[in-house]
Amino acid sequence: MRIVIAGGHGQIALRLERVLAARGDEVAGIIRKAEQGDDLRAVGAEPVLLNLESASVEEVAAHLQGADAAVFAAGAGPGSGAGRKDTVDRGAAVLFADAAVRARVRRFVVVSSMGADPAHQGDDVFDVYLRAKGAADAYVTGQEALDWTILRPGALTDEPGTGLVRLEAHTGRGPVPRDDVAAVLAELVDTSATAGLTLELIGGSTPVSVAVKSVAGN
């Protein structure tokens, strides 16, 4: 498969790129800074230099041509203000979805956040973030031309992955290693039977592949 990942230098994305490349997929990661390219090459991914805050739909779609799947894993990140939560966490996700439709890439997986809700209340930056992620999810789920899956992990940790998770429509809150989020994403990209599902993910007791097959109904 050829898989294009938005936010290619993110902590989850780099892990995902390593997993996908190791199993033989062709992986491209969209990055904002040229100096990030070596980190992608080191895990087996092709860096694509493109700013999703200023690019056009046509520019993004050109990089999605011929892809089998697209993964939105971009985020403004900690320390960014409310403005960039809107331009990246919402705006870039909408742009990437529109570009996938334009390029006729049906399989579309989003790394969202537990608690994402366009109607979330509050004025803190994190509240703005949850509204932005919720608005992005709502937009993606309205695209009939996409076979979308929304993944909402719990509290992300840098603990080594266990390969054991809880993946359900509603899990309740809990931590999950970024390693395991990447492992689940790699399975979801392959599992189109999860299209149309919004899933929460925390650490658990079920092997990743079994958890994905279970929510896919097989």
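**Note on the predicted model**

1. Leucine L14 is found in helix α1. The model discussed here is a predicted one. With a relative accessible area of 18%, L14 falls under the 20% limit and is therefore buried. Setting aside neighbours within four places in sequence, the contacts of L14 are G8, H9, D39, L40 and V43. Residue A193 is 179 residues away from L14 in sequence, and the two C-alpha atoms are 25 Å apart in space.

2. The helix that carries L14 also has a defined relation to the strands. Helix α1 lies across β1, β2, β4 and β5, and runs at about 170° to β1.

3. Strand β1 merits separate attention. The strand covers residues 2-6, and 5 of its 5 residues are buried, so β1 is largely enclosed by the rest of the structure. The cover extends to both faces: R2, V4 and A6 are buried on one side, and I3 and I5 are buried on the other. An arginine, R2, is thus listed among the buried residues of this strand.

4. Which strands pair with β1? One is β2 (residues 26-31), joined to β1 in the parallel sense over 5 bridges. Within this pairing, I3 has V27 of β2 as its bridge partner. The connection from β1 to β2 passes through helix α1 (residues 11-22), and the resulting β-α-β crossover is right-handed. Another partner is β4 (residues 69-72), which pairs with β1 in the parallel sense over 4 bridges. There, the bridge partner of I5 is V71.

5. The wider sheet can now be described. It is open and consists of 9 strands in the order β3-β2-β1-β4-β5-β6-β10-β8-β11, with mixed pairing. Its edge strands are β3 (46-49) and β11 (206-207), each of which pairs on one side only. In general, the strands of a sheet pair through backbone hydrogen bonds, in either a parallel or an antiparallel arrangement. At the β3 edge, β2 and β3 pair in the parallel sense over 4 bridges, and I30 stands opposite V48 in β3.

6. One backbone feature should be checked by eye. Residue R104 is not a glycine, yet has a positive phi of about 60°. Most residues other than glycine have a negative phi. Where does R104 lie? Its place is in the loop between α4 (82-103) and β5 (107-111). Is R104 buried or exposed? Its relative accessibility is 76%, and R104 therefore counts as exposed.

7. The remaining remarks concern the chain as a whole. It contains 7 helices and 11 strands. For 218 residues, a compact globule would have a radius of gyration near 17 Å, and the value of 16 Å for the chain agrees with this. The C-alpha trace spans about 45 × 40 × 35 Å along its principal axes.

8. Burial, surface and contacts complete the account. Of the 218 residues in the chain, 50% are buried. The exposed area of the chain is about 9,400 Å², of which carbon and sulfur atoms supply 49%. Among contacts between residues at least 6 apart in sequence, 66% join residues at least 24 apart.

Conventions. Residues numbered from 1 in each chain as written. Predicted model: local features only at pLDDT ≥ 70, side-chain atom pairs only at ≥ 80, totals over all residues. Heavy atoms only, no water. Buried < 20%, exposed > 50% of the residue type's maximum accessible area, 1.4 Å probe, protein only. Helix = DSSP H or I, 4+ residues; strand = E, 2+ residues; numbered from the N terminus. Pairing = 2+ DSSP bridges. Right-handed = clockwise from strand over helix to strand, strands pointing away. Rg over C-alpha atoms; globule rule 2.2 N^0.38 Å. Contact = heavy atoms within 4.5 Å. Areas by Shrake-Rupley, 256 points an atom, 1.4 Å probe, with all protein chains shown as cover. Axes fitted to C-alpha atoms, helices over the stretch in contact; angles between N-to-C directions.
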